[in-house]
Amino acid sequence: MSAELTPHQLRVLQMVSQGLTHAQIAAELYVTPKGLTAAVNRIHAKLGATNAPHAVLLACQAGILDGRPRRHGDHAGYEAHRRRGEDPSQCEPCRLGERAHRQAMRNRSNENQEAA
């Protein structure tokens, strides 16, 4: 990926991933069809995609588009660092958040075992 997506581009990509047509997206976002086409083309260029399904796939693989938050300090933020080829242990909030996530998963697993 050559650049980060703008909030508008991310919203467009989310709507594309939900199966909305360009006409539906343009109406929802109050943009012209020509403006939407330009935004979609910029998204494809930034992601290196050849079409909309490819853009959605690349965005999911990059951790941009999977519905999980991308805040530092949560598990999804930690995973986003990994997907970008970064060392998440260098990000203190993400390292601590990942530790808390793993502890919560162990607690949940222990509760499930006790209930069974």
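Biologist: What makes the 16 residues a nonpolar core in this predicted model?

Modeller: A nonpolar core needs buried residues of kinds such as Val, Leu and Ile, joined through side-chain atoms within 4.5 Å. The largest such core has 16 residues. V12, L13, L36, I43 and L47 touch the most other members.

Biologist: Which elements give two or more residues to this core?

Modeller: They are α1 (7–17), α2 (22–29), α3 (33–47) and α4 (52–61).

Biologist: What does I43 touch, not counting residues up to four places away in sequence?

Modeller: I43 touches L5, Q9, V12 and L13. Contact here means heavy atoms within 4.5 Å.

Biologist: Why are the buried residues of α1 said to lie on one side or on opposite sides?

Modeller: The buried residues of α1 are Q9, V12, L13, M15 and V16. They cover an arc of only 160 degrees around the axis, so they sit on the same side of α1. An α-helix has 3.6 residues a turn, so residues three or four places apart point the same way.

Biologist: What do the buried residues of α1 pack against?

Modeller: They pack against α2, α3 and α4. After α1 comes G19, with a positive phi near 90 degrees.

Biologist: Why are α2 and α3 called roughly perpendicular?

Modeller: Their axes cross at roughly 105 degrees. The range for roughly perpendicular is 65 to 115 degrees. α2 and α3 are therefore roughly perpendicular to each other. The two axes come within 9 Å.

Biologist: Which residues meet where α2 and α3 are in contact?

Modeller: From α2, the residues are H22, I25 and A26. From α3, they are P33, L36, T37 and V40.

Biologist: How do you know whether H44 is buried or exposed?

Modeller: H44 has a relative accessible area of 15%. Buried means under 20%. H44 is therefore buried. H44 is in helix α3.

Biologist: What is H44 in contact with, leaving aside its neighbours within four places in sequence?

Modeller: H44 is in contact with A49, N51, A52 and A55.

Biologist: How many helices and strands does the protein have?

Modeller: There are 6 helices and 0 strands. Along the sequence the pattern is α-α-α-α-α-α.

Biologist: What share of the protein is buried, and what is on the surface?

Modeller: Of the 116 residues, 29% are buried. The accessible surface comes to about 7,400 Å². Carbon and sulfur atoms hold 53% of that surface.

Definitions and conventions: Residues numbered from 1 in each chain as written. Predicted model: local features only at pLDDT ≥ 70, side-chain atom pairs only at ≥ 80, totals over all residues. Heavy atoms only, no water. Helix = DSSP H or I, 4+ residues; strand = E, 2+ residues; numbered from the N terminus. Buried < 20%, exposed > 50% of the residue type's maximum accessible area, 1.4 Å probe, protein only. Areas by Shrake-Rupley, 256 points an atom, 1.4 Å probe, with all protein chains shown as cover. Arc of directions from axis to C-beta. Axes fitted to C-alpha atoms, helices over the stretch in contact; angles between N-to-C directions. Parallel < 35°, antiparallel > 145°, perpendicular 65-115°, else oblique.
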